[in-house]
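Grab a coffee and open the viewer. Here are a few exercises to work through with the structure beside you, each followed by a worked solution.

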Amino acid sequence: MPTSLLLCLDTGTWRTKRPVVDKEKMHLLRALRNLLPAAMYDHQERFLEPNLSFCKGCGICAKECPRAAIVMLPEGDFTS
């Protein structure tokens with residue numbers, strides 16, 4: 001299946017944990033961007049931010065962040 005087709009699907013509705021970014025700890029690291037899932041994107045080229053429409057709550061971003069700037073919190077802590 002082509003990648004462009006996959007990006008049209010809203011896959012974030014079934015996650016149980018949500019990544020939360022500490023913007024004071026996080027700054028955009030070009031090398032880090034290659035390690036993180038596609039659900040993370042540049043926010044005005046200052047830090048990475050989760051795209052919750054595609055985030056599956058896997059926690060890879062939190063595990064790979066060298067500054068521990070991303071934590072995973074239960075989805076139930078947030079209201080839509």
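**Exercise 1. Get your bearings: in what order do helices and strands come along the sequence?**

Solution. Walk along the sequence and the pattern reads α-β-α-β-β-α-β. Tally it up and you get 3 helices and 4 strands. Next, look at how the chain packs: of the 80 residues, 32% count as buried. Then take the contacts between residues at least 6 apart in sequence: 63% of these join residues at least 24 apart.

**Exercise 2. Decide where to trust the model: in which element is confidence lowest, and in which is it highest?**

Solution. Keep in mind that this is a predicted model. Start with the overall score: the mean pLDDT is 76, and 62% of the residues reach 70 or more. Now go element by element. Confidence is lowest in H1, with a mean of 50, and highest in E4, at 94. Where pLDDT is low, the predicted coordinates should not be read in detail. So go easy on H1, given its mean of 50.

**Exercise 3. Find the salt bridges: how many does a search of the whole structure turn up, and which residues do they join into one network?**

Solution. Recall the principle: side chains of opposite charge can pair when their charged atoms come close.

- Step 1. The search of the whole structure gives 2 salt bridges.
- Step 2. One of them joins the side chains of Glu75 and Arg15, at 2.8 Å from N to O. Glu75 is in the segment after strand E4 (70–74), while Arg15 is in the loop between helix H1 (3–6) and strand E1 (17–21), so this pair links distant parts of the chain, 60 residues apart.
- Step 3. Arg18 and Glu75 also meet through their side chains in a salt bridge, at 2.6 Å from N to O. Because Arg18 lies in strand E1 and Glu75 in the segment after E4, the pair ties together parts that are 57 residues apart in sequence.
- Step 4. Put the bridges together: they share partners, joining Arg15, Arg18 and Glu75 into one network.

**Exercise 4. Check the setting of that network: are Arg18 and Glu75 buried or exposed?**

Solution. Both Arg18 and Glu75 are buried. The cut-off for buried is under 20% relative accessible area. Glu75 has 18%, so Glu75 makes the cut. Arg15, at 10%, is buried as well.

**Exercise 5. Zoom in on Arg15: which residues does Arg15 touch, not counting residues up to four places away in sequence?**

Solution. List the neighbours on that basis: Leu52, Cys55, Lys56, Gly57 and Glu75. Now sort out the polar part. A polar atom of the Arg15 side chain lies 3.0 Å from the backbone oxygen of Cys55. The Arg15 side chain also makes a polar contact with the side chain of Glu75, at 2.8 Å.

**Exercise 6. Look at the rings: over which ring does the charged end of Arg18 sit?**

Solution. The ring belongs to Phe78, and the charged end of Arg18 is 4.2 Å from its centre. What about ring-to-ring pairs? With ring centres required to lie within 6.5 Å, the count of aromatic pairs is 0.

**Exercise 7. Inspect a backbone angle: what is phi of Ala68 near?**

Solution. Most residues other than glycine have a negative phi. Ala68, which is not a glycine, has a positive phi near 50 degrees. To place it, look in the loop between helix H3 (60–64) and E4, where Ala68 is found. With 45% relative accessibility, Ala68 counts as partly exposed.

Key:
Residues are numbered from 1 along each chain as its sequence is written. Side-chain values use heavy atoms; hydrogens and water are left out. Rings of Phe, Tyr and Trp (its six-membered ring) pair if their centres lie within 6.5 Å; planes under 30 degrees apart count as stacked, over 60 as edge-to-face and the rest as tilted. A charge sits over a ring if NZ of Lys or CZ of Arg is within 6 Å of the ring centre and within 35 degrees of the ring normal. A salt bridge is a side-chain nitrogen of Lys or Arg within 4 Å of a carboxyl oxygen of Asp or Glu. Helices (H or I, at least four residues) and strands (E, at least two) are DSSP runs, numbered from the N terminus. Buried means under 20% relative accessible area, exposed over 50%, partly exposed in between (1.4 Å probe, protein chains only). A polar contact is a pair of N or O atoms within 3.5 Å; within protein, one must be able to donate a hydrogen and the other to accept it, and residues adjacent in sequence count only if both atoms are side-chain atoms. Contact means heavy atoms within 4.5 Å. pLDDT is the predictor's confidence in each residue, from 0 to 100.
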